Amino acid sequence: MDIFLGSAAIFIFCPLLGGLPFVDWITFGLTGKKLAKIGTGNVSVSAAFYHGGTVAGILAALAEAGKGIAAVAIAGYFFPGQPTWQLIALIALIMGRYWMGKGAGATNAFWGIVVHDPAAASLIVLISGISFTIFRHRATGRLVGLSVLALILALRRPHNTDYIFAAIALAVLLGWIYQKIPDDLDLPESQAQSESQSVFRFFRGDNALLTFNDRLDPLKVGAKAASLALLKRWNYNVPRGWILPAGDDPQPLILSVSPSEQNPFIVRSSAVGEDSETASAAGQYLTLSNITDRVALEAAIIRCQTSYHSPAATRYRRDRGGDTANVATMAVIVQQQIAGVFSGVAFSRDPVDPVGEAAIVEAASGGAAQVVSGQVTPEQYRVYLDVRSQGFPESSQTLIEGEGQTPSGLVREVAQIVRDLEDRFHGIPQDIEWTYDGETLWLLQVRPITTLIPLWTRKIAAEVIPGAIPPLTWSINRPLTCGVWGDIFKIVLGDRDRHLDFAETATLHYSHAYFNATLLGQIFHRMGLPPESLEFLTRGAKFSKPPLLSTLKNVPGLLRLLGREQSLKADFDRDERKWFAPALSPSQSPAESLNEEELLARIDSILATLERATYYSILAPLSAALRQGILQVSEKYLDNSQLPEVESLRSLAKLAGKTRNLLPLSRLNFDSCPSLFAYLAETPDCESILQQFNEWLEYYGYLSQVATDIAVPRWQEDPRPMRELFSQYIFHDRDRQLAEENTHFDGIHGLRSRIVQERLNLKGRVSEVYSRLLARLRWTFLALEKHWLAAGILKGEGDIFFLEIEEIRIVLEEEDLALRSRFPDLVRQRRSRWEKDKRLSQVPYVVYGRTTEGDLPILSSLPPKQTLTGIPASSGIVEGRIKVARSLQDGAEIDGETILVVPYTDAGWSLLLSRAKGIVAEVGGKLSHGAILAREYGIPAVMDVNNAMQYLRDGQFVRLDGQKGIVEILKESL
């Protein structure tokens, strides 16, 4: 009976006791204030001190201390000699305090531990106090204190396992609650009740002055101060400085420094939201320089703080949706002022050029203030930094455009620093303020160039859907891809996906696909993963160490995603039976036999099925790459034969080998592909070969040069390239290796390889389903186009691919005659733009900012390079002559000495790849189609060589290193 009553007291009464809002009652009784409706909304002891004053705070502390003491006493009464139950009682009390009383329960826990084990409590107070002194950071001090709590309690009873678990659970619970509720101690000290401000500062525990040597939180001291502290940690030269958080008393800072005429200071703003990715706030707040005494320093701090509430600054924040409350959210920076010989600003990219490669450096003699304020016209330099060149003098790596008095070495150093900072900030363009005192180059500020955000990149996007993309393809692919990626991200993020617009994941520039690298970086940051996570999974890029705390927060979501990965094959098997197989059934009526209404119904049905298939087409390759990366399985232990592009070529190579054996030696030198097929058709013994080739073409006819672009004809529609390839397989010995299975699994490699191989096989099945659905979708649109050509709605073949899916649906469903009449003009305009973009010799890998097609500049030629680098995809070192092939029609001159340069590689490029000595591709990674095909052929290859189609020209003699990913130009021509 006592056990029952004791359990009820602990698990029912203690939570109810914890939930009693004594603190709120006390504060309301003394001041009339409801804590739940003011400040942070916490009903805590610190809130009582802050809003109610010293008396309310002391009474609140006594009330909550009494709760902790009572909980321990109750457990001691019902369970004497069992200290574990006392900790459980505290846990129950604190849970009630959090869920019902809106408090953290720290006071309950502290006084409960004092009664539970006074000696342990004394040690905890001593060590935790030392930790606060050492770390000088409240959050870190709390974490250390909770760790000390669990450790000391565990050491007091090392043989009591239940007690140790309870101690750890108590510490973890308090830590979890601290993460969930806002901190009252972050409120401005100046707005606390005057008689309790000293107590409030004591509770804060962070009276030490903040400097750039501390880890600063931009949400508390602004991005400017936090960024300068970050630069300091990265060992850049930053003038010594101190930070005064919003609401803090400036006197301790003022008394700790000694400005003078020989050592002048400068006071600058650091508002929350200033110098961020969404707003620079340039010129909105005051900067005061040449401060030479403490009186002037105090006045400058006050003026700087007051500028936060100026009409212009308030309007600026309101226009951008920022904070307009009366509570100041602006820290103040106090810095030593540098006497600059040369000063200025620099931009890692031209702020007005969305595709520029140059860094911009502006400089003038004297201090930085005159350049930033616009008092003088600075010298401007455009600096081209060739960071990818290797083995050449430094002078050949940098091109400076511009003349002036600023030393070229200083200009180059500034440009290199600002470009390095862009890399450190994950590719986001940066601008800096700098000054040079004759000996040292100092950084005064760094911030994102807001006009060049977001950052759009062709990496990965160019692999998913390469080349110039017509409107119909994009109007289908974009919502499919963005929508499914958004669904995958939501698996991890849950309700933390607020303010993320997944529809902005991709866009078109120059008719080419780009991914929103800025958005993806934000998403991966919220997921607790590095920004380059997608490149690691899809292209084998290096993977930086993820932030531990952020990753831990996302463990539940990541576990959900892992569960999806584990069940991926079973899920695909289910959906294949239920959805994919019926959608691809050969028993369906031919598209040519359907009317317009039936064709639209089939299109919608295929699109619905494609949405399911897109989920697998994204997750299956990611799963395979993740397993391969974690298990460190080399490509040589994997068999790619299940991938459609490899399976089809191996099958064709086997048929070619069989054909070769049937041909007499005297007939092995046909002068053309047509003459070979004429011979096969005329020779009775070869009729079966021709039949087998046609069967092969019918089975693999859904493949194409670009499988993801429904505007590109499939092999079945134009078999000539495949006939050429078949002929080539017969007469070139090197192609015979495709017919051989040479993958072996043994020992530990076998176990790890089989785990990866399972996903690689699934990737092949998914790829086949996805490509077959896209082919069927293309053929359905072509059937609809025949109807519209006959009716005069469209004028020429292929016109339908220059309409958007919604335009087609509106005309069919709503019979919009006005829109239908505009189709010829729309097609003409869009086709003209697409053909122009398709002819571009180079397309930028990165576009900065929110630009429209009309804003994009005409692309200029790039400065020459001697060495290009990319991703090593297939090992081997070869030398040969460059041949740039923009399409399959450019391959007539390829022979065994050719280094082939292509925009991308897919199964359709095999006709050219197999004849080359080496391969250079503008896009792709180790896991892309091109890399797989290169390894299948045993050809050295380098992928992801930026702008290779322009840097390399026909006739150049080069050395290609497929192991290191280097292409070196040896001679301009033979």
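User: At the start of H11, what does a side-chain oxygen of Asp217 reach to?
Analyst: The backbone nitrogen of Leu219, which that oxygen approaches to within 2.9 Å. Bear in mind that this is a predicted model. The cut-off for a polar contact is 3.5 Å between N or O atoms, so the Asp217 and Leu219 pair makes the grade.

User: What span would a straight helix of 16 residues have, and what does H11 have?
Analyst: Straight, you'd expect 22 Å at 1.5 Å a residue, but H11 (residues 218–233) manages only 15 Å between its end C-alpha atoms. H11 also has a kink of about 75 degrees, centred on Lys224.

User: Which residues of H11 are buried?
Analyst: They include Val221, Gly222, Ala223, Lys224 and Leu231. Notice that Lys224, where the kink is centred, is on that buried list too. The cover comes partly from strands, including S1 (210–211), S3 (265–271) and S11 (441–448), and helix H16 (408–424) is part of it as well.

User: And just after H11, which residue takes a positive phi?
Analyst: Asn235, at about 70 degrees.

User: How do you know what H18 should span, and what do its end C-alpha atoms say?
Analyst: With 23 residues (471–493) at 1.5 Å each, H18 should span 33 Å; its end C-alpha atoms are 32 Å apart, so expectation and model agree.

User: Why is H18 called largely enclosed?
Analyst: Because 18 of its 23 residues are buried. Right after H18 comes Gly494, with a positive phi near 60 degrees.

User: Why does Thr84 count as it does, buried or exposed?
Analyst: Buried means under 20% relative accessible area. Thr84 has 12%, so it counts as buried. You'll find Thr84 in helix H5 (residues 83–99). Setting aside residues up to four places away in sequence, Thr84 touches Asn160, Asp162, Tyr163 and Ala166.

User: What about Asn42, buried or exposed, and why?
Analyst: Buried, because its relative accessible area is 8%, against a cut-off of 20%. Asn42 sits in the loop between helix H2 (22–31) and helix H3 (45–52). A polar atom of the Asn42 side chain is 2.6 Å from the backbone oxygen of Pro182. Beyond its neighbours within four places in sequence, Asn42 is in contact with several residues, among them Leu35, Lys102 and Asp184.

User: Why does Val376 count as partly exposed?
Analyst: Partly exposed runs from 20% to 50%, and Val376 comes in at 30%, so that is its class. Val376 belongs to the loop between helix H15 (368–372) and strand S8 (379–385).

User: Which residues have the most contacts inside the largest nonpolar core?
Analyst: Phe781 and Trp788, in a core of 77 residues. Helix H24 (residues 596–631) supplies the largest share of this core, 13 residues. Apart from this core lies another, of 55 residues, including Ala462 and Ile894. Nonpolar side chains tend to be buried together in soluble globular proteins.

User: What does Phe781 touch?
Analyst: Not counting residues up to four places away in sequence, its partners include Leu472, Ile603, Ile710 and Ile808.

User: How many residues of the chain count as buried?
Analyst: 53% of the 974. The chain has 34 helices and 23 strands.

Terms used: Residues numbered from 1 in each chain as written. Predicted model: local features only at pLDDT ≥ 70, side-chain atom pairs only at ≥ 80, totals over all residues. Heavy atoms only, no water. Helix = DSSP H or I, 4+ residues; strand = E, 2+ residues; numbered from the N terminus. Expected span 1.5 Å × (residues − 1). Bend = angle between axes of the 7 residues up to and from the residue. Buried < 20%, exposed > 50% of the residue type's maximum accessible area, 1.4 Å probe, protein only. Contact = heavy atoms within 4.5 Å. Polar contact = N/O pair within 3.5 Å; in protein donor to acceptor, adjacent residues only side chain to side chain. Core = buried A, V, L, I, M, F, W, Y, C linked by side-chain atoms within 4.5 Å.
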